[in-house]
Amino acid sequence: MDNCIFCKIIAGEIPSTLVGESELSIAFNDINPRQPVHILVVPKHHHTDVAALAFDAPDQLVDLIQLGSRLAAEHSTGSFRLQFNTGIEAGQTVFHAHGHIMSTTPKNGMQTTTEESSALA
Ligand code: 5GP
Ligand code: ZN
């Protein structure tokens with residue numbers, strides 16, 4: 001979809017730090033992490049939010065959660081919080097469905113970038 005920042009990331013038109021991919025979803029680090037592990041899991045096809053995704057393409061939602069849980073085990077202990085901001089009043093700012101995979105506990109050796117670390121301070 002035109003002018004969708006996540007569609008542009010998926011198309012490779014905007015850089016991101018990719019951390020994983022499946023047939024239907026991709027995952028990249030949030031540009032402004034709020035936790036030591038803060039990964040966005042995103043369907044490759046455009047849907048406005050997780051509600052639309054659940055109704056229109058539940059297979060893509062399941063795939064997204066499977067990718068997120070796999071990455072939580074890779075990048076942290078496997079414990080994670082999964083947040084879907086849905087609608088402006090809930091704080092959604094990017095209107096391409098996405099889940100925030102967050103964990104306070106990065107796995108040994110997994111470091112955020114300097115830029116990301118300063119955003120945490
Ligand atoms: P929302 O508030 O819509 O649930 O979350 C959108 C998230 O996307 C925010 O946490 C924000 O930091 C992240 N974000 C916005 N633009 C970009 C970008 O260009 N690259 C990356 N990696 N994350 C982004
Ligand atoms: Zn999009």
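This passage looks at strand β5 and at the surroundings of ligand 1 in a predicted model.

Strand β5 spans residues 99–103, and 5 of its 5 residues are buried. In a regular strand the side chains alternate between the two faces of the sheet. Here, neither face of β5 is left uncovered: G99, I101 and S103 are buried on one side, and H100 and M102 are buried on the other.

The pairing partners of β5 come next. Strand β3 (residues 37–43) runs antiparallel to β5 and is joined to it by 5 bridges; within this pairing, V37 has S103 as its bridge partner. Strand β4 (residues 81–83) is also antiparallel to β5, with 3 bridges between the two, and Q83 stands opposite H100.

H100 leads on to the ligand, since this residue is listed with D30, R34, N85 and T93 as the closest of the 17 residues that surround ligand 1. By character, the shell divides into 7 nonpolar, 8 polar and 2 charged residues. Helix α1 (5–10) and strand β2 (25–29) each supply at least two residues of this shell, and the largest share, 3 residues, comes from α1.

Several polar backbone atoms also face the ligand. A nitrogen atom of ligand 1 lies 2.9 Å from a backbone N or O atom of N29, and a nitrogen atom of the ligand is 3.3 Å from a polar backbone atom of I31. For V94, a backbone N or O atom is found 3.0 Å from an oxygen atom of ligand 1. Taken alone, the ligand exposes 520 Å², of which the protein buries 87%.

Technical notes: Residues numbered from 1 in each chain as written. Chains lettered and ligands numbered in written order. Predicted model: local features only at pLDDT ≥ 70, side-chain atom pairs only at ≥ 80, totals over all residues. Heavy atoms only, no water. Buried < 20%, exposed > 50% of the residue type's maximum accessible area, 1.4 Å probe, protein only. Helix = DSSP H or I, 4+ residues; strand = E, 2+ residues; numbered from the N terminus. Pairing = 2+ DSSP bridges. Near = heavy atom within 4 Å. Polar contact = N/O pair within 3.5 Å; in protein donor to acceptor, adjacent residues only side chain to side chain. Areas by Shrake-Rupley, 256 points an atom, 1.4 Å probe, with all protein chains shown as cover. Nonpolar A, V, L, I, M, F, W, Y, C, P; charged D, E, K, R; others polar.
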